[in-house]
Amino acid sequence: LFFNKLKFKGKGYYIYKNLRNTIATQFGYTHGIYIHEWYNNVKFISKSSLVLFGLYLEDINYASLSLQSFRKINVFTGRGVRFARQTLYTKPGKVSTYR
């Protein structure tokens, strides 16, 4: 049994699951993005984290990378979809010259 844990952060971002094991995302796009999971199961741990698990590692990696590609991590704010133990490096914004 293989699994991947995903976390997401951002205002107004949420992911929910249908009864047919379809993952629906709301990431600020005008149309909803749907990912159909036939071989994997999805379990929500909290409002902002979920676990994909199943028997085949390739299917789990494909599903988690496709979820991650819809909303990549913003370098300045840190918002987006990432793996659970992924390190996050943020850039500093514009520094005022009047210090």
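Reader: Which residues is Tyr-14 in contact with, once its neighbours within four places in sequence are left aside?

Author: Leaving those neighbours aside, Tyr-14 is in contact with Phe-8, Ala-24, Thr-25 and Gln-26. Please keep in mind that this is a predicted model. Tyr-14 itself lies in strand S2, which covers residues 14–17.

Reader: Why is Tyr-14 called partly exposed?

Author: Its relative accessible area is 42%. Buried would need a value under 20%, and exposed one over 50%. The value of 42% falls in between, so Tyr-14 is partly exposed.

Reader: How far from Tyr-14 is Glu-58, in sequence and in space?

Author: Tyr-14 and Glu-58 are 44 residues apart in sequence, and their C-alpha atoms are 25 Å apart in space.

Reader: What makes Phe-27 count as buried?

Author: Phe-27 has a relative accessible area of 2%. The cut-off for buried is under 20%, so Phe-27 is buried. Phe-27 sits in the loop between strand S3 (22–26) and strand S4 (33–36).

Reader: What is Phe-27 in contact with, leaving aside its neighbours within four places in sequence?

Author: The residues in contact with Phe-27 are Tyr-13, Ile-15, Leu-67, Phe-70, Arg-71 and Val-81. Leu-55, on the other hand, is 28 residues from Phe-27 in sequence and 28 Å from Phe-27 in space, C-alpha to C-alpha.

Reader: Leu-67 came up just now. What does Leu-67 have around it, neighbours within four places in sequence left aside?

Author: Leu-67 is in contact with Leu-6, Ile-15, Ile-23, Thr-25, Phe-27, Ile-35 and Val-81. Leu-67 is also one of the residues with the most contacts inside the largest nonpolar core.

Reader: What makes up that largest nonpolar core?

Author: The largest nonpolar core has 14 residues. Those with the most contacts inside it are Leu-6, Phe-8, Ile-15, Ile-23, Leu-50, Leu-52 and Leu-67. Two or more residues come from each of strand S1 (2–9), strand S6 (49–54) and helix H1 (57–70). H1 gives the most, with three residues.

Reader: How do you know that H1 has close to the span expected of a helix?

Author: H1 has 14 residues, and the expected span is 1.5 Å times one less than that number. This comes to the 20 Å expected, and H1 reaches 20 Å from its first C-alpha to its last. Inside H1, the buried residues are Ile-60, Ala-63, Ser-64, Ser-66, Leu-67 and Gln-68.

Reader: Leu-50 is another core residue. Why is Leu-50 called buried?

Author: Leu-50, in strand S6, has a relative accessibility of 1%. Buried means under 20%, so Leu-50 counts as buried. Leaving out residues up to four places away in sequence, Leu-50 touches Asn-4, Lys-5, Leu-6, Phe-8, Ile-15, Val-42, Lys-43, Phe-44 and Ile-45.

Reader: Lys-5 is in that list. Why is Lys-5 called partly exposed?

Author: The relative accessible area of Lys-5 is 32%. That value lies between the 20% and 50% cut-offs, so Lys-5 is partly exposed. Lys-5 is found in strand S1. Not counting residues up to four places away in sequence, Lys-5 touches Ile-45, Leu-50, Val-51, Arg-82, Phe-83 and Ala-84. The C-alpha atoms of Lys-5 and Phe-53 are separated by 8.7 Å, and these two residues are 48 residues apart along the chain.

Reader: Now the surface. Which residues make the nonpolar surface patch of about 760 Å²?

Author: Leu-1, Trp-38, Tyr-39, Leu-55 and Tyr-56 make this patch.

Reader: What makes Tyr-56 partly exposed?

Author: Tyr-56 has 49% relative accessibility. Exposed needs over 50%, so Tyr-56 counts as partly exposed. Tyr-56 lies in the loop between S6 and H1.

Reader: To finish, what is the overall picture of the chain?

Author: The chain has one helix and seven strands, and from the N terminus on its elements run β-β-β-β-β-β-α-β. Of its 99 residues, 31% count as buried. The accessible surface comes to about 7500 Å², with 55% belonging to carbon and sulfur atoms. Along its principal axes, the C-alpha trace spans about 55 × 30 × 20 Å.

Technical notes
Residues numbered from 1 in each chain as written. Predicted model: local features only at pLDDT ≥ 70, side-chain atom pairs only at ≥ 80, totals over all residues. Heavy atoms only, no water. Core = buried A, V, L, I, M, F, W, Y, C linked by side-chain atoms within 4.5 Å. Buried < 20%, exposed > 50% of the residue type's maximum accessible area, 1.4 Å probe, protein only. Helix = DSSP H or I, 4+ residues; strand = E, 2+ residues; numbered from the N terminus. Contact = heavy atoms within 4.5 Å. Areas by Shrake-Rupley, 256 points an atom, 1.4 Å probe, with all protein chains shown as cover. Patch = residues over 30% accessible without salt bridge, like charges linked within 9 Å, V, L, I, M, F, W, Y side chains within 5 Å. Salt bridge = Lys/Arg side-chain N within 4 Å of Asp/Glu carboxyl O.
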